[in-house]
Amino acid sequence: ESLRHRAWKKFASTGTSYLKVYDTAAEPGVTIYFDLRSPEATGLKALETEDVSVDILVALVKYYLDHEVPLTVRAPGRTVYSFQGADPSAFQGFYQSTMELLFQPAISPAALYQLDRQSGGYQSSSAIIISHLFEPEIFSKVEESLAAEAPVALVLNRIGYTKEQCKAVLPYLYSLSERGANIRFVDGPVDMAENLERGGLRYEG
């Protein structure tokens, strides 16, 4: 059974740390940019990677809507998936719409974020990128936001990578965290809640 069909209740409280940083009582709220590109892993590992990414998205959306934080979700695919909500009544429609989230060749969520800002379509005070890819474009967008009024947080699902691959990027991400970047790692459904809720970046040197 797919994790996305059974795990969201278990992880519905995982948005705590993000709410503390990005909470707002009125518009414009938070925009989540979700990476729909195919994982680098193959076979069952690719399916697991996709399911964990969707679980992260569902958990954060559930938390924000429960706390009535205005929320937008954007995901670039063949067409751009878009959702908006501001209270718990919107969750069921969002949850059903996750069946439309098909992993496929697409542009980076960081590129969509940049396009939205350039076009005036980005109205939120803060952004969260959820990705399962170690991509310099995403990392650069997080770094650039350190000097901006609108921070960009990153939730990185690294379940499809080996320990050695993770170690190659950890020093750079750790340095971003030390400078104030909001970065979370998720290694699978078991430790998702702990990793999303913990403060700072977990660094395994």
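User: Which residues of helix α6 are buried?

Analyst: Here buried means under 20% relative accessible area, exposed over 50%, and partly exposed in between, with a 1.4 Å probe and protein chains only. In α6, that applies to Cys166, Val169, Leu170, Leu173, Leu176 and Ser177. Bear in mind that this is a predicted model, where local features need pLDDT of at least 70, side-chain atom pairs count only at pLDDT 80 or more, and totals for chains, interfaces and linings use all residues. Residues are numbered from 1 along each chain as its sequence is written, and side-chain values use heavy atoms, with hydrogens and water left out.

User: What covers the buried residues of α6?

Analyst: Contact means heavy atoms within 4.5 Å. The cover includes α5, β5 and β6. Helices (H or I, at least four residues) and strands (E, at least two) are DSSP runs, numbered from the N terminus.

User: Where does α6 bend?

Analyst: A bend at a residue is the angle between axes fitted to the seven residues ending there and the seven starting there. For α6 (residues 163–178), the bend is about 40° at Leu170, and Pro171 follows within four residues. After the helix comes Gly180, with a positive phi near 115°.

User: In what order do the strands of the sheet run?

Analyst: Strands of a sheet pair through backbone hydrogen bonds, either parallel or antiparallel. Two strands count as paired if DSSP finds at least two bridges between them. In this model, six strands make an open, mixed sheet ordered β3-β2-β1-β4-β5-β6. Its edge strands, β3 (80–85) and β6 (183–186), each pair on one side only.

User: How many bridges join β4 and β5, and in which sense do they pair?

Analyst: β4 (residues 126–131) and β5 (residues 152–157) pair in the parallel sense over five bridges. Ser131, for example, has Leu156 in β5 as its bridge partner. Helix α5 (residues 136–145) packs on the sheet and touches both β4 and β5, its direction making about 150° with that of β5. For such angles, axes are lines fitted to C-alpha atoms, for helices over the stretch in contact, and values run from 0 to 180 degrees between N-to-C directions.

User: Is Asn182 buried or exposed?

Analyst: Asn182, in the loop between α6 and β6, is buried, because its relative accessible area is 9%. A polar contact (N or O atoms within 3.5 Å; within protein, one must be able to donate a hydrogen and the other to accept it, and residues adjacent in sequence count only if both atoms are side-chain atoms) of 2.7 Å joins its side chain to that of Arg184.

Terms used
The expected span of a helix is 1.5 Å times one less than its number of residues.
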